[in-house]
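Dear colleague,

Please find the structure below, passed on for your own work. The findings follow after it, grouped by topic.

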Amino acid sequence: MFEIKIFNSFNENLRKIWQNLEKDNAEFPFQTFSWNKHWYETIGKSIKNYEIYIVCITVKKTCKLILPLAIFRNFFNVKILLNIGGYHTDYKEPLIDTNYHINKNNIENLWTQINNKLPKYDVINFDKLILKYSHKIDLYNFLQKKYSMTSYQLKFDTEKTEFKMIYKNKEYSEIKRQIRKLQEFGKLTFTISKNKIQDDEFINKMIAQKRERFYFTKVWDSFKVKEHRNLYLNLNNLKDHNVNRHCSALIYNNDIIATHIGITFKNKFYYLMPSFEMAYSKYSPGKILLMYLTKYCFENKFDAIDFTGGNEVYKQKISNKNFKLYDIIYPVSFKGYLYNYILITINFLKKSKLLYFLLSYFYNTLFRKK
């Protein structure tokens, strides 16, 4: 019925197979060969030491499904089967030929055959799954799924909508008021990068602003690790004409007071890494920059802005579409069950914010890579 082949590297043979399938079937940039290779070579291989297992399901010599998987051994010596992409990959859907059908009764059998080709592991831990975008194949219908967050989008109808109608009148008026207050004392400019030098300037500024915010809020500073910085600084290495880096900034006099680093893919704008200068926070520079970006996308006839995962209120206010993201935890060994109970305990402790903050600070101090 089908043939299963495992790739352990992002080699040229895999690239041809993957890009042939993604051409008509990739819904998101995170499903592309270029994004997954870039993430793995920047972070997955360098600091996570993932063992990758890219699963290709072939029917009549044509690849119909790609599952980018990896096995990671954590500090408890638990072997975890992951969908690769880590912290920076916002959706982790498999890549599936939209015209391919598998009977639901055969899904579990498919996983049995996949597992026969994988090393032993203790637990499946998949995250950021949309599920409904898996088309006709529910690869996870026998696994327990848990809601994690909602992703919000703004779909444009440029033929029927005026730009100012995208924002509610009160919010739009407040942003315009903040712009006027800034302009009373200087020049305010919305700038889209036009070259790599400016790209790097905006990205480095985003990283600095994010790190200041991480320090202020006492959360883990991912950008302390050079590989996390390099993921964005080297986005031009994607070498994919469909996946393009987009850097912009809000400049007040000579100060960059807000930045955004995102991606455009198939005429959609992906809002990935916004930041702002905390010294200007009373003027809401992040909201001002988002308004300019929204206007830019509207005027340039993008189909939509995808705000990706996160339940932030500002995303909810401006969006007109959304879908849910899910996680899957599926233990297969004693260690796996123990790992699952630890995760359940952590989720329980989150309800006690003070206790969770103390435990998170302890974990980040001792175990996160410096």
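I begin with Y314. Leaving aside residues up to four places away in sequence, Y314 touches Y271, P274 and L290, where contact means heavy atoms within 4.5 Å. Although L290 is 24 residues from Y314 along the chain, their C-alpha atoms are separated by 9.9 Å. Y314 belongs to helix α8, residues 313-318. Helices (H or I, at least four residues) and strands (E, at least two) are DSSP runs, numbered from the N terminus. Y314 counts as partly exposed because its relative accessibility is 26%; buried means under 20% relative accessible area, exposed over 50%, and partly exposed in between (1.4 Å probe, protein chains only).

Two notes on the basis of these values are in order. This is a predicted model, in which local features need pLDDT of at least 70 and side-chain atom pairs count only at pLDDT 80 or more, while totals for chains, interfaces and linings use all residues. Residues are numbered from 1 along each chain as its sequence is written, and side-chain values use heavy atoms, with hydrogens and water left out.

Salt bridges

A salt bridge is taken as a side-chain nitrogen of Lys or Arg within 4 Å of a carboxyl oxygen of Asp or Glu. The count under this rule is 12 salt bridges, among them the three pairs described here.

E12 pairs with R15, with 2.4 Å between the closest N and O atoms. The two are separated by about one helical turn, because they stand 3 residues apart in helix α1 (residues 12-25). Both ends are partly exposed: E12 has 42% relative accessibility, and R15 has 26%.

E174 and R177 also meet in a salt bridge, at 2.8 Å from N to O. This pair lies in helix α4 (residues 169-183), and its 3-residue spacing there corresponds to about one helical turn. E174 is partly exposed at a relative accessible area of 33%, as is R177 at 36%.

The third pair is D199 and R245, whose side chains meet at 3.0 Å, N to O. D199 lies in helix α5 (residues 196-217) and R245 in strand β9 (residues 243-252), so this salt bridge ties together parts that are 46 residues apart in sequence. D199 counts as buried at 10% relative accessibility, and R245 counts as buried at 13%. Through shared partners, salt bridges join K196, D199, D200 and R245 into one network.

Core and strand β7

A nonpolar core is a set of buried Ala, Val, Leu, Ile, Met, Phe, Trp, Tyr and Cys residues joined through side-chain atoms within 4.5 Å. The largest such core has 53 residues, and F10, Y232 and I261 have the most contacts inside it. With residues up to four places away in sequence not counted, Y232 touches H88, I203, M206, F223, R245, I261 and M273. R245, one of these contacts, is also the salt-bridge partner of D199.

L154 is part of strand β7 (residues 145-155) and is buried, with a relative accessible area of 3%. Its C-alpha atom is 6.5 Å from that of D306, although the two residues are 152 apart in sequence. Beyond residues up to four places away in sequence, L154 touches I166, T294, D303, A304, I305, F307, I318, S319 and N320.

Cysteines

With a disulfide defined as a pair of cysteine sulfur atoms within 2.5 Å, the count comes to 0 disulfides. C56 is in no disulfide, and the nearest cysteine sulfur, that of C63, is 4.4 Å away. C63 is likewise in no disulfide, with the sulfur of C56 as its nearest at 4.4 Å. C56 counts as buried at 1% relative accessibility, and C63 is buried with a relative accessible area of 11%.

Surface

F75, F76, F334, L338, I342 and I346 form a nonpolar surface patch, with about 610 Å² of accessible area together. Patches are made of residues with over 30% relative accessible area and no salt bridge; like charges are joined within 9 Å, and nonpolar side chains (Val, Leu, Ile, Met, Phe, Trp, Tyr) within 5 Å. Accessible areas come from the Shrake-Rupley method with a 1.4 Å probe, and for residues only the protein chains shown count as cover. Within this patch, F334 lies in helix α9 (residues 334-349) and counts as exposed at 68% relative accessibility.

Yours sincerely
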